[in-house]
Amino acid sequence: MARLSEQEKLQLKTAADRKTPRPPPVSLQPAERFLAFASFASQLKPALKPVRFVGQHWKL
């Protein structure tokens, strides 16, 4: 195992003590909006992506 220098130890300690900003609060949406989106999204057709095996790489 590698040993840390004093400077590296200090850097790790200061990074661990640093406070991260809190994420913004999540805005709650009414259930009607979710249901309207879900019913709209259920009617969408999945996009067909062509499968192409091209190239000379051995993993292809």
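Glu6 sits out in the open, with a relative accessible area of 59%, which puts it past the 50% mark for exposed residues. Its side chain still has a partner: Glu6 and Lys9 meet in a salt bridge, at 3.7 Å from N to O. Bear in mind that this is a predicted model. As for the overall picture, the protein has 2 helices and 0 strands, and its radius of gyration of 26 Å is well over the 10 Å that the globule rule gives for 60 residues, so the chain is more spread out than a compact globule.

**Overall layout**

- Taken along the principal axes, the box filled by the C-alpha atoms is roughly 60 × 50 × 15 Å.
- For a sense of the spread, take Gln11 and Pro50: they are 39 residues apart along the chain, and their C-alpha atoms are separated by 49 Å.
- Gln11, one end of that pair, belongs to helix 1.

**Surface and burial**

- Buried residues make up 0% of the 60 residues in the protein.
- The accessible surface comes to about 7100 Å², and carbon and sulfur atoms account for 62% of that surface.
- Gln11 counts as partly exposed, at 46% relative accessibility, because that value falls between the 20% and 50% cut-offs.

**Helix 1 and the salt bridge**

- Helix 1 covers residues 6–17, and both Lys9 and Glu6 lie in it.
- The two residues are 3 apart in the sequence, which is about one turn of the helix.
- A search of the whole structure turns up 1 salt bridge, and Lys9 and Glu6 are a pair whose side chains meet in one.
- Lys9 is partly exposed, at 36% relative accessibility, whereas Glu6 is exposed at 59%.

**Charges**

- The protein carries 11 positive and 4 negative charges.
- Put the mean position of the positive charges beside that of the negative ones, and the two are 12 Å apart.

**A nonpolar patch around helix 2**

- Phe37, Phe40 and Leu44 form a nonpolar patch on the surface.
- Together, these three residues offer about 360 Å² of accessible area.
- Leu44 is found in the segment after helix 2, and that helix runs 31–41.
- Leu44 is exposed, with a relative accessible area of 53%, so Leu44 clears the 50% cut-off.

Note on methods:
Residues numbered from 1 in each chain as written. Predicted model: local features only at pLDDT ≥ 70, side-chain atom pairs only at ≥ 80, totals over all residues. Heavy atoms only, no water. Helix = DSSP H or I, 4+ residues; strand = E, 2+ residues; numbered from the N terminus. Rg over C-alpha atoms; globule rule 2.2 N^0.38 Å. Buried < 20%, exposed > 50% of the residue type's maximum accessible area, 1.4 Å probe, protein only. Areas by Shrake-Rupley, 256 points an atom, 1.4 Å probe, with all protein chains shown as cover. Lys, Arg positive; Asp, Glu negative; His and termini not counted. Charge placed at Lys NZ, Arg CZ, Asp CG, Glu CD. Patch = residues over 30% accessible without salt bridge, like charges linked within 9 Å, V, L, I, M, F, W, Y side chains within 5 Å. Salt bridge = Lys/Arg side-chain N within 4 Å of Asp/Glu carboxyl O.
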